[in-house]
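Please keep the model open in your viewer and follow the selections below in order. Each stop says what to select and then what is there.

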Amino acid sequence: MSAVKEKESANLIAPIGADSFSPVPLDDLLACPACGGDLSSAQNTTEGDFRCDNCAAEYPGITMPDGSTVPWLFVHPDAAFAEWGDRYNRLMHETRDETASYVNALGGDVSSLTRARLERHGTALEAFTGQLEELLEPFDLRRRTTENLARQQLSKAQTVTSYMANVFRDWAWGAEEMHASAEVLNELICQTSLDDLGTMLTLGAGPGALPFLLERSQNVARSIKLDINPLFARIHAAMQAGEAVDLYEFPFAPLDESNTAVLRRLQASNLTDQNCGECGGGYVLGDISDLPFRAGAFDTVLTPWLIDILPQPVDRWLVTVNRLLQPGGAWIFTGSTSFVSDDPVLRFSPEEFFERAQAFGFTIEASDYSTLPYLHSPASAHRRYERVVSFVATRTGECADVSGVKADRSAPVPATTAMQFACSNYMLRAQILGAVNGKRSISEIAAAIAHRYELDGDAALQIVEQILNQHGE
Ligand SMILES: C[S@@+](CC[C@H](N)C(=O)[O-])C[C@H]1O[C@@H](n2cnc3c(N)ncnc32)[C@H](O)[C@@H]1O
């Protein structure tokens, strides 16, 4: 039996996707990611669609093909465009190079089976660049200059195609596993006194299927999703609008010869035929490190598969979630608790994580450890089951801010081993890249490096080649 609380507005049915969400003003929720001042939709500004009432910073809204707007709320909006432009251009470049390598390989002496695979994969890669180009067109990333790149602010770990498998799982083939995840959360919510999720924020929403399902099974007044990756915002907008998007999936471990590249059709109806009740919302692009929301703006915060992938210590995110919630608001956590840190104290077990949450003003109302299928692409030989930790907690107390921004700036920076290693790594890279002047050969650069670092010749050659390959155009 489905553990879904009866929705009050179940008769307000719209066709799946299209028109099920109306644009909803976000002004009462938004805050300037730079200074924290109130942010309003700007009618009369020269450039920005959102404007800070305090510091006058302006932020653009990106118009999606269906006419909806995705606010671009990064602290330095131009620098974020430059960074995403850089990532996008790199991806295009690399994919074109890869396509060329498939075409070139056809010139060799290969079997007819290999030939068929090379042809199919090369054609799919070429189509994939076109598909991404079209999808990301509203962000105009191709034309963004790199003049702002010096101001890098975003985590390098997130690229255009990070978590790409989630796109196909959410909107092509993963209905079963998405419903299983949603069902765990619905069961948990049933065990609490929570009747209404009110204004809900999903952090690190990705392509957005999980909140999409919760909107359809719970009472949600408004559902706001935030992620750092523009591709997810675009795909989510298309799904919301009832569009179909064709995109190639390249499974990491193809099941067989015919599954090395598979054309998928992403659409909301692959996930569910349930319609949303009267519930509005939107997708916002921004960085969880500088969130564009007012304190206490949300009744519910959902963090699916997010907290343990973030590089900062978990305490920081406990403060963040606490700050976003109204007193008594609900935090819904689901995902893994594989906390990675240089500091062994911070590699929390699930039990320590719960203890930590309690110390930061949360009361755990219900929890669950279910083993669920994870990314079971029908085209892939790799399939995982994960024991997923989920809980619903209420915000029952406040907590002190421990964010890195408030660190004592006059204290000495500890010279950790990781810091020293990073330093010598960067110095070596800088020396190799700085030696490139259009005249020196690989051997000459390697000889200079070998001399300076007392390396043997072959090792220096290998290092120089590796670093030049990583940075070469
Ligand atoms: C493991 S995925 C989970 C996606 C989705 N919640 C799900 O369950 O499928 C992590 C998500 O966090 C997003 N993310 C990573 N770093 C972020 C940041 N600094 N700010 C906002 N989102 C971030 C990624 O783009 C990605 O969508």
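Two strands count as paired if DSSP finds at least two bridges between them, and this sense of pairing is the one to keep in mind at the first stop. The model on screen is predicted.

**First stop: S6 and S7**

Select strand S6 (198–203) together with S7, residues 220–227. These two strands, S6 and S7, pair in the parallel sense over 6 bridges, and if you pick out Leu201 you will find it standing opposite Ile224 in S7. Of the 6 residues of S6, 5 are buried, so the strand is largely enclosed by the rest of the structure.

**Second stop: outward to S10**

Keep S7 selected and add strand S10 (280–285). S7 and S10 run parallel and are joined by 6 bridges, and the pair to highlight here is Leu226 with its bridge partner in S10, Val284. S10 is an edge strand, pairing on one side only. Is S10 enclosed or left open by the rest of the structure? With 5 of its 6 residues buried, S10 is largely enclosed by the rest of the structure.

**Third stop: the whole 7-stranded sheet**

Now extend the selection to the open sheet of 7 strands, whose order is S10-S7-S6-S11-S12-S14-S13 and whose pairing is mixed. At the end of that order away from S10 is the other edge strand, S13 (362–374), which likewise pairs on one side only. Looking from one strand to the next, the twist averages 15 degrees. Strands of a sheet pair through backbone hydrogen bonds, either parallel or antiparallel.

**Fourth stop: helix H5**

Add helix H5 (residues 209–217), which lies across S6, S7 and strand S11 (298–304) and runs at about 180 degrees to S7. How many of the residues of H5 are buried? The count is 9 of the 9, so the helix is largely enclosed by the rest of the structure. The buried residues include Phe212, and also Glu215 and Arg216. To see what covers the buried residues of H5, show helix H3 (164–173) and helix H4 (175–190), which are among the covering elements along with S6, S7 and S11.

**Fifth stop: around the ligand**

Centre the view on the ligand and select the residues around it, of which there are 20. Those that come nearest are Gly204, Gly206, Ile228, Ile288 and Pro304. Pro304 also belongs to S11, whose range is 298–304. The shell as a whole divides into 10 nonpolar, 8 polar and 2 charged residues.

**Sixth stop: the 3-stranded sheet**

Move to the open sheet of 3 strands, which has the order S1-S2-S3 and antiparallel pairing. Strand S1 (39–41) and strand S3 (58–59) stand at its edges, each with a single partner strand, so one side of each is left without a neighbour in the sheet. S1 is joined to strand S2 (residues 50–52) by 3 bridges, the two running antiparallel, and Leu39 has Cys52 in S2 as its bridge partner.

**Seventh stop: two residues with positive phi**

Select Asp140, in the loop between helix H2 (112–136) and H3. Its phi is near 55 degrees, a positive value in a residue other than glycine, and Asp140 is exposed, with 11 other C-beta atoms within 10 Å. Then select Leu375, in the loop between S13 and strand S14 (384–395). The phi of Leu375 is also near 55 degrees, again positive in a residue other than glycine, while Leu375 is partly exposed, having 19 other C-beta atoms within 10 Å.

**Last stop: the whole chain and its confidence**

Finally, show the whole protein, which has 11 helices and 14 strands, and in which buried residues make up 35% of the 473 residues. Among contacts with a separation of 6 or more, 70% are between residues 24 or more positions apart. Colour the model by pLDDT: the mean is 89, and 88% of the residues reach 70 or more. Over residues 7–15, however, the pLDDT is below 50, and this stretch has 13 contacts in the model beyond near neighbours in sequence. Where pLDDT is low, the predicted coordinates should not be read in detail.

Note on methods: Residues numbered from 1 in each chain as written. Predicted model: local features only at pLDDT ≥ 70, side-chain atom pairs only at ≥ 80, totals over all residues. Near = placed C-beta within 6 Å. Nonpolar A, V, L, I, M, F, W, Y, C, P; charged D, E, K, R; others polar. Helix = DSSP H or I, 4+ residues; strand = E, 2+ residues; numbered from the N terminus. Axes fitted to C-alpha atoms, helices over the stretch in contact; angles between N-to-C directions. Contact = placed C-beta atoms within 7 Å. Buried ≥ 20, exposed ≤ 12 C-beta atoms within 10 Å, placed from the backbone. pLDDT = per-residue confidence, 0-100.
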